[in-house]
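Dear colleague,

Please find below the structure that I am handing over to you. A summary of the findings follows it, arranged so that it may be read alongside the model.

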Amino acid sequence: MNLISPEIPGLVWAYRFIPGESRCQRIAADSSIDNLSGGDGWVWLHLALSDARTPGLIERISNLPQAAIATLTSHDTQAAITVSEDVVHGTLVDFERTFDEVTKTIGWLHFAVSDKIIITTRLHPLRSIDRVKAAVEKSTKCNRPIDLFEMLVVEFQRTLITLVLELTEELNVIEDHVYGEAGHRQQPGLAPLRRTVVRLHRHLRTILALLRRAGASEEDEVPPGFIDAAERLSDRLEAVDRDVFALQERARLLHEEIDSKISSETNRHLYILSLMTAFLLPPTLVTGFFGMNTGALPFADGSGTLYAALIIAFSMGLAWLILRRIGIL
């Protein structure tokens, strides 16, 4: 990342795509702004929002409407796809990555697509966009900026499929603990898994609705090829959304099973406590009677311990018979 260049601050990478060529051309980090805005073909510019100079750079190099510039420079954490003045712009959900591993932390990719340029911005490194970068460096099939936008969403869908498989394996382990001998006492990590799945499903449904609405625009209001791309992407995301929804339902049923086990165990403990109370109540009455500080009590003049013990045993037996007769035992 070039954070000290006075020409292109905040630049992560930039590529030029020339129709008819099998490979794209990488634009050097120390290039001038004229290399971005001029030349043949179209340009993909990826910038980091961590550099405070990035908003000024976007305004200098692009002929985008103010709404698209505001989207690229914002820190919104809500999915959005908007069409304005022949430009498609918005915010897509992705997953952050670190230098040595990928994470399940949700990140955000801001984009703007016109017929001559596609600009993407992010605050933290993202998983899917790095895969797109690796793919276009090997061999590009992107003849238009909208093709690259479609590739971004397709890579996100593939990332989602991988994540669904990972979450499915985690859910399988949790199910083994819940339905095994350990029961629910090992505190399985179901809550963070459900939180991740619910957020994914919510963002997916939002992106699907936005894609359908943007795809319903007139052809002269969007970049060439966007309507067809929106239809294909909607079908792809709809398929993975069904998998996410199925995982969400499975996690919900497992949560209900854990609640049912906890409720059953609580009821069993209350049942045992009730039985203990029922057995000990008659002896308590007996000992309370003989412990009164009054005169003329039975066996007060002699040894009444044996008789008191017999009365206690008789009262416990009577309590057992009554509980057995009414069906509690």
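A charge is said to sit over a ring if NZ of Lys or CZ of Arg is within 6 Å of the ring centre and within 35 degrees of the ring normal. One such case occurs in this model, which is predicted: Lys133 lies over the face of Trp13, at 5.4 Å from the ring centre.

Before returning to that ring, I give the overall picture. The protein contains eight helices and seven strands. Of its 329 residues, 44% are buried. Among the contacts with a separation of 6 or more, 66% are between residues 24 or more positions apart. The exposed area of the protein is about 17900 Å², and carbon and sulfur atoms supply 55% of it.

I turn next to the aromatic rings. The count of aromatic pairs comes to six. One of them joins Trp13 and Trp44 in an edge-to-face arrangement, with 5.6 Å from centre to centre and 80 degrees between the planes. This pair links distant parts of the chain, since Trp13 belongs to strand β1 (residues 11–17) and Trp44 to strand β3 (residues 42–48), 31 residues apart. Are these two residues buried or exposed? Trp13 counts as buried because its relative accessible area is 5%, which is under the 20% cut-off. Trp44 is buried as well, at 0% relative accessibility.

A second pair, formed by Phe17 and Trp42, is stacked: the centres are 4.2 Å apart and the planes differ by 10 degrees. Here too distant parts of the chain are linked, with Phe17 in β1 and Trp42 in β3, 25 residues apart. Both Phe17 and Trp42 are buried. In addition, ring pairs connect Trp13, Tyr15 and Trp44 into a cluster.

The strands that carry these rings are themselves paired. β1 and β3 run antiparallel and are joined by six bridges; within this pairing, Phe17 stands opposite Trp42. β3 also pairs with strand β7 (residues 117–122), in the parallel sense and over six bridges. There, Thr120 of β7 is the bridge partner of His46.

Finally, how many residues of β3 are buried? The number is seven of its seven residues. In a regular strand, side chains alternate between the two faces of the sheet. In β3 both faces are covered: Trp42, Trp44, His46 and Ala48 are buried on one side, and Val43, Leu45 and Leu47 are buried on the other.

Yours sincerely

Key
Residues numbered from 1 in each chain as written. Predicted model: local features only at pLDDT ≥ 70, side-chain atom pairs only at ≥ 80, totals over all residues. Heavy atoms only, no water. Helix = DSSP H or I, 4+ residues; strand = E, 2+ residues; numbered from the N terminus. Buried < 20%, exposed > 50% of the residue type's maximum accessible area, 1.4 Å probe, protein only. Contact = heavy atoms within 4.5 Å. Areas by Shrake-Rupley, 256 points an atom, 1.4 Å probe, with all protein chains shown as cover. Phe/Tyr/Trp six-rings, centres within 6.5 Å; stacked < 30°, edge-to-face > 60°. Pairing = 2+ DSSP bridges.
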